[in-house]
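This report describes selected features of a protein structure for a reader who is new to the subject. Please keep the sequence and the 3D view at hand while reading.

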Amino acid sequence: MPRVVYVQPTGTQQEVELAVGSTVMSGALANDISGIDGDCGGQCACGTCHVYVAEEWVGRVGGAGERESEMLMFAAAVQPNSRLGCQITIERDLEGLTVHLPDGQH
Amino acid sequence: MGSTLSTLDPYSIPIEKIDVSNPALFQDDTVGSFFKRLREEDPVHFCSDSKVGPFWSITKFNDIVDVDSNHAAFSSDASNGGVALENRMRRNFIAMDPPKHDEQRKAVSPIVAPPNLRNLEGLIRERTAAVLDDLPRGTEFDWVKRVSIDLTTKMLATLFDFPYEERHLLTEWSDISVTVPIESDVERERLLRPCYDYFGKLWTERQKQPPKADLLSMLAHSDAAKRMDVAEFNGNVLLLIVGGNDTTRNTMTASILAMHQNPGELEKLRKNPELIPSMVSETIRWQTPLSHMRRTATADVWLRGKHIRKGDKIAMWYLSGNRDDEYIERADEYIIDRKNVRQHLSFGFGIHRCVGNRLAELQLKILWEELLKRNMTIEVLGPPVRTYSNFIHGYESLPVKVSS
C-alpha cells in the first residue's frame with residue numbers, strides 16, 4: 001500500500017499506508033490525523049479537507065477540478081498547490097506523496 | 001388547517017396533503033414524525049397547496065447534499081425568491097448566485113477564519129465566564145434570555161464593534177428580521193429602518209477610519225463593498241446579524257435541553273471533557289437551528305423519478321436529513337461520541353455553506369468548558385416554548401435553575 005506523509009503546520013510528520021482507492025481525506029480520518037475534518041464525508045461539498053500538495057508532487061497529482069475550485073475559493077489561505085484531500089485518490093504511483101496541512105479548516 | 005393539523009397522526013392523512021411548511025408543526029415539535037413518513041414513503045415530496053404556495057420537499061441526507069451542491073440548477077438568488085420558503089426580497093450574499101455571491105462572501109470570510117478566531121477566543125471566554133458567574137443560584141430563570149441571548153448578542157457586538165451599551169438593538173433587529181410575526185414585508189422593512197440607518201452611519205465612519213479587524217470595517221474597506229448598492233449592504237448586515245444570532249443562541253439552549261433529556265450523555269461528558277468538541281457537533285446536528293434552506297429550479301430537473309419544473313420552489317429540510325438513519329446511525333438519538341459526528345447538514349453544503357460555522361462551534365465549546373470547569377448543574381424545570389417558524393428552529397424560553 002502506498003505510503004502518504006502528512007505534515008502538520010508545526011512541522012510534525014505522520015506517515016501512514018493507505019489503500020489504493022482511498023483518498024487523502026479518508027486516510028487522514030481513518031488514521032486519526034488531526035487537521036482534516038472532512039465534514040461532508042468526501043462529496044466535495046464543504047472544503048474542510050484542504051491540503052497543500054508538496055511542490056515535487058504537484059505535477060503528478062494535478063490541479064483542482066471545477067467544483068473543487070469553487071469550494072476552495074472559500075477556504076482560508078489558499079495557495080496554487082491547494083487541493084481538497086477528498087479529491088486526491090490514492091494510486092500505486094503516489095508512493096511517498098507528501099501533503100502539508102493548513103493552519104485550520106474553514 | 002392551521003394548528004389542528006399538528007395534532008393529527010401523520011399516517012392518517014393522504015401523503016399529498018402533508019404540508020411540512022406549517023409553522024405550528026415546529027412550535028409543538030411534531031414535525032419529526034411527518035418528516036419520517038416522507039423519508040420512508042415519498043422522499044422528494046410535492047405539496048400543491050400551502051400558505052407559502054406549492055413547493056417540493058427534499059428530505060433525505062444525500063439528496064440534500066446533491067441539491068445544495070448544485071447551484072447552477074438550484075438558484076439562491078433573491079430575484080428568484082431567495083433562500084426561505086417565505087419569499088423575501090432582501091438581497092445579501094446568501095441570496096445571490098455566483099459570481100456576485102463569491103465576491104461578497106470572500107469579503108466577509110476572513111473575520112471568521114481560524115487565525116482571527118484565535119484572537120477572539122480570550123474575549124469570548126472572558127464574556128462567557130462573566131455571564132455564568134452572574135447567574136442566580138437556586139432560583140428559576142429563563143436560560144434563553146439570561147444566557148443564550150446575552151452571550152450571542154455580546155459576541156455580535158464584538159464582531160461588528162457595535163456600541164456595546166446599545167447591543168440589545170441587535171437582538172431586536174434580528175427578531176424583527178426573521179421570527180416576530182409581522183403582517184407584511186413592507187411593515188417589516190419599515191421596522192428595520194432604524195437598523196439600516198444605524199449601520200449606514202457606522203459604515204460611513206468606518207470607511208473614513210483606517211481599516212480595523214471588525215466585520216463592518218472589513219466590509220467597508222473591501223472591493224466588493226464598492227460595488228454594493230444600499231439594499232445589498234442592508235441585506236448583508238442583516239444576514240450577519242441573523243446568521244450570528246438565532247442559530248448559535250438556539251443551539252446553546254438546545255445543549256441544555258439535550259443534556260437534560262439524556263443524563264447519561266452528561267455523565268459521559270463530565271468524565272471525559274475532551275469530548276466537548278464532539279458534543280458540540282452532535283448538538284448542532286440534533287438541534288439543526290435552521291430547519292430548511294430554499295432553492296428555485298433554474299431548469300427542469302428529475303430527482304428520484306419526480307419532475308421538478310423550472311421555477312419550482314424547493315425546500316431542503318436539513319432537520320429531516322439530519323434524522324435520516326440511512327446515512328446517520330441511530331439518528332434520533334443524542335450520542336455525544338458518535339462516529340463521524342461532524343458529518344451533519346446543519347451548516348449546509350456547497351458554496352453557501354455557513355461561513356461562521358467555526359465561530360459557532362468555538363462559542364459553544366467555550367460555554368461548555370466554562371460550565372464544566374465550574375461544575376455547574378443546570379436543572380431544567382419545565383418544557384421549552386418553541387419558535388413558531390418553519391425556518392428558525394429554536395426556543396423562546398426554557399425555565400432552569402442552577403442547583404450547585
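## Fold of chain A

From the N terminus on, the elements of chain A follow the order β-β-α-β-α-α-β-β. This amounts to 3 helices and 5 strands. The model is a predicted one.

Is the radius of gyration of chain A in agreement or in disagreement with that of a compact globule? A compact globule of 106 residues would have a radius of gyration near 13 Å, and chain A, with 12 Å, agrees with this. The C-alpha trace of chain A spans about 30 × 25 × 25 Å along its principal axes. Of the 106 residues in chain A, 54% count as buried. Among contacts in chain A between residues at least 6 apart in sequence, 65% join residues at least 24 apart. Chain A exposes about 4600 Å², and carbon and sulfur atoms supply 47% of this area.

## Cysteines of chain A

How many disulfides does the structure hold? Over all chains, the number is 0. A:Cys44 is in no disulfide, and the nearest cysteine sulfur, that of A:Cys86, is 5.2 Å away. A disulfide requires two cysteine sulfur atoms within 2.5 Å, so this pair does not qualify. A:Cys46 is likewise in no disulfide; for this residue the nearest cysteine sulfur is that of A:Cys40, 3.8 Å away. A:Cys44 counts as buried at 7% relative accessibility, and A:Cys46 is buried with a relative accessible area of 6%.

## Salt bridges in chain B

Side chains of opposite charge can pair when their charged atoms come close. A search of the whole structure finds 40 salt bridges over all chains. Three pairs from chain B are listed below.

| Basic residue | Acidic residue | N to O distance |
|---|---|---|
| B:Lys306 | B:Asp42 | 2.6 Å |
| B:Arg125 | B:Glu370 | 2.8 Å |
| B:Arg374 | B:Glu370 | 2.8 Å |

The pair of B:Lys306 and B:Asp42 links distant parts of the chain, 264 residues apart. B:Lys306 lies in strand β7 (residues 306-308) of chain B, whereas B:Asp42 lies in the loop between α2 (31-41) and β1 (44-47) of chain B. B:Lys306 counts as partly exposed at 24% relative accessibility, while B:Asp42 counts as buried at 14%.

The salt bridge between B:Arg125 and B:Glu370 joins two helices: B:Arg125 lies in helix α5 (residues 114-133) of chain B and B:Glu370 in helix α16 of chain B, so the pair ties together parts that are 245 residues apart in sequence. B:Glu370 counts as buried at 3% relative accessibility. Its two partners in the table are partly exposed: B:Arg125 has a relative accessible area of 22%, and B:Arg374 has a relative accessibility of 26%. These residues belong to a network of salt bridges that links B:Glu121, B:Arg125, B:Asp133, B:Lys365, B:Glu369, B:Glu370, B:Lys373 and B:Arg374.

## The surroundings of B:Asp324

Is B:Asp324 buried or exposed? B:Asp324 is buried, with a relative accessible area of 3%. This residue lies in the loop between α15 (318-321) and α16 (357-373) of chain B. The side chain of B:Asp324 makes a polar contact with the side chain of B:Lys60 at 3.1 Å, and it also reaches the backbone nitrogen of B:Phe61 at 3.0 Å. Leaving aside residues up to four places away in sequence, B:Asp324 touches B:Arg39, B:Lys60, B:Phe61 and B:Ala331.

How values were computed
Residues numbered from 1 in each chain as written. Chains lettered and ligands numbered in written order. Predicted model: local features only at pLDDT ≥ 70, side-chain atom pairs only at ≥ 80, totals over all residues. Heavy atoms only, no water. Helix = DSSP H or I, 4+ residues; strand = E, 2+ residues; numbered from the N terminus. Buried < 20%, exposed > 50% of the residue type's maximum accessible area, 1.4 Å probe, protein only. Polar contact = N/O pair within 3.5 Å; in protein donor to acceptor, adjacent residues only side chain to side chain. Contact = heavy atoms within 4.5 Å. Rg over C-alpha atoms; globule rule 2.2 N^0.38 Å. Areas by Shrake-Rupley, 256 points an atom, 1.4 Å probe, with all protein chains shown as cover. Salt bridge = Lys/Arg side-chain N within 4 Å of Asp/Glu carboxyl O.
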